[in-house]
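Good morning, everyone, and thank you for making the time. Please have a look at the sequence and the structure on the screen, and then I will walk you through them one part after another.

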Amino acid sequence: MPERDKAQHWGVPPRPPDHLLPPGDGRPVDAAQRTAILDWTVGQYVVTGWRVESRSPTQAVLVRGQPVNHVLHAILTVFTCLLWGIVWIALAAGNRVERVALTVDQQGQVQVMQGPG
């Protein structure tokens, strides 16, 4: 497993800096502060290799990994008399596409949900 996969996985969102967090008195945060918290969190995920798939002011869907191009590998397998099939099988077996949805609730907490891969 590559080192970047161990360092940041989908389950634990990074903690935003204190100046972005709500004061802690139980009042809901305003829309601008929710957007700022989400912007900071998305930036932390992007630095670790995630891509933004979709974005709204209080939710973002991030993805990491690339799907295997099966059409290309099928063509290469035919032209190499099935030898490329070994590479194709190895790529398909080791391929991982991960998705997470980040949502900021009314209290300014970032919720992370794993999406379909």
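Let me begin with one side chain, Trp 50, which is buried, because its relative accessible area is 2% and the cut-off for a buried residue is under 20%. Before I go further, please keep in mind that what you see is a predicted model. Trp 50 has an aromatic partner, and the structure holds one aromatic pair. In that pair the ring centres of Tyr 45 and Trp 50 are 5.7 Å apart and the ring planes stand at 75 degrees, so the arrangement is edge-to-face. Tyr 45 also counts as buried, because its relative accessibility is 0%.

With that detail in place, let me step back to the overall layout. The protein chain has four helices and four strands, and, read from the N terminus on, these elements follow the order α-α-β-β-α-α-β-β. Of the 117 residues of the chain, 27% count as buried. If we take the contacts with a separation of 6 or more, residues 24 or more positions apart account for 52% of them.

Tyr 45 brings us to helix α2, since Tyr 45 is one of its buried residues, together with Arg 34, Ile 37, Leu 38, Thr 41 and Val 42. How are these buried residues placed when we look down the axis of α2? They fall within an arc of 130 degrees, and so they line one face of the helix. The general background is that an α-helix has 3.6 residues a turn, so residues three or four places apart point the same way. On the other side of α2, Ala 32 and Val 47 are exposed.

We can also check the length of this helix, which covers residues 31-47. At 1.5 Å a residue, its 17 residues should span 24 Å, and the C-alpha atoms at its ends are indeed 24 Å apart, which agrees. Just after α2 comes Gly 49, which takes a positive phi of about 110 degrees.

What do the buried residues of α2 pack against? Their partners are the strands β1 (51-55), β2 (59-64), β3 (98-104) and β4 (110-114), and this leads us to the way those strands are paired.

I will take the strands in order. β1 and β2 pair in the antiparallel sense over four bridges, and they form a hairpin with three residues between them. Within this pairing, Ser 54 stands opposite Val 61 in β2. β2 in turn pairs with β3, again in the antiparallel sense, over six bridges, and here the bridge partner of Arg 64 is Glu 98 in β3. β3 is mostly covered, with five of its seven residues buried.

β3 also pairs with β4, in the antiparallel sense and over five bridges, and Leu 102 has Val 112 in β4 as its bridge partner. These two strands form a hairpin with five residues between them, and Gly 108, in the turn, has a positive phi of about 85 degrees.

One residue of β4 deserves a slower look, and that is Gln 111. Is Gln 111 buried, exposed or partly exposed? Its relative accessibility is 37%, and therefore it counts as partly exposed. Leaving aside residues up to four places away in sequence, Gln 111 touches Ala 101, Leu 102, Thr 103 and Asp 105. With Asp 105 there is also a polar contact between the two side chains, at 3.4 Å. As a further distance to note, the C-alpha atoms of Gln 111 and Val 100 are separated by 9.9 Å, and these residues are eleven apart along the chain.

Finally, let me turn to helix α3, residues 70-79, where we find His 73. His 73 counts as buried, because its relative accessibility is 9%. Which residues does His 73 touch, if we do not count those up to four places away in sequence? They are Val 68, Trp 84, Trp 88 and Leu 91. With one of these, Trp 84, the side chain of His 73 also makes a side-chain polar contact of 2.8 Å.

To close, I would ask you to keep two pictures in mind. One is helix α2, whose buried residues line one face, since they fall within an arc of 130 degrees, and pack against β1, β2, β3 and β4. The other is the buried His 73, with its side-chain polar contact to Trp 84. Thank you, and I am happy to go back to any part of this.

Note on methods:
Residues are numbered from 1 along each chain as its sequence is written. This is a predicted model: local features need pLDDT of at least 70, side-chain atom pairs count only at pLDDT 80 or more; totals for chains, interfaces and linings use all residues. Side-chain values use heavy atoms; hydrogens and water are left out. The expected span of a helix is 1.5 Å times one less than its number of residues. Buried means under 20% relative accessible area, exposed over 50%, partly exposed in between (1.4 Å probe, protein chains only). The arc is that of the directions from the helix axis to the C-beta atoms. Contact means heavy atoms within 4.5 Å. A polar contact is a pair of N or O atoms within 3.5 Å; within protein, one must be able to donate a hydrogen and the other to accept it, and residues adjacent in sequence count only if both atoms are side-chain atoms. Two strands pair if DSSP finds at least two bridges between them. Rings of Phe, Tyr and Trp (its six-membered ring) pair if their centres lie within 6.5 Å; planes under 30 degrees apart count as stacked, over 60 as edge-to-face and the rest as tilted.
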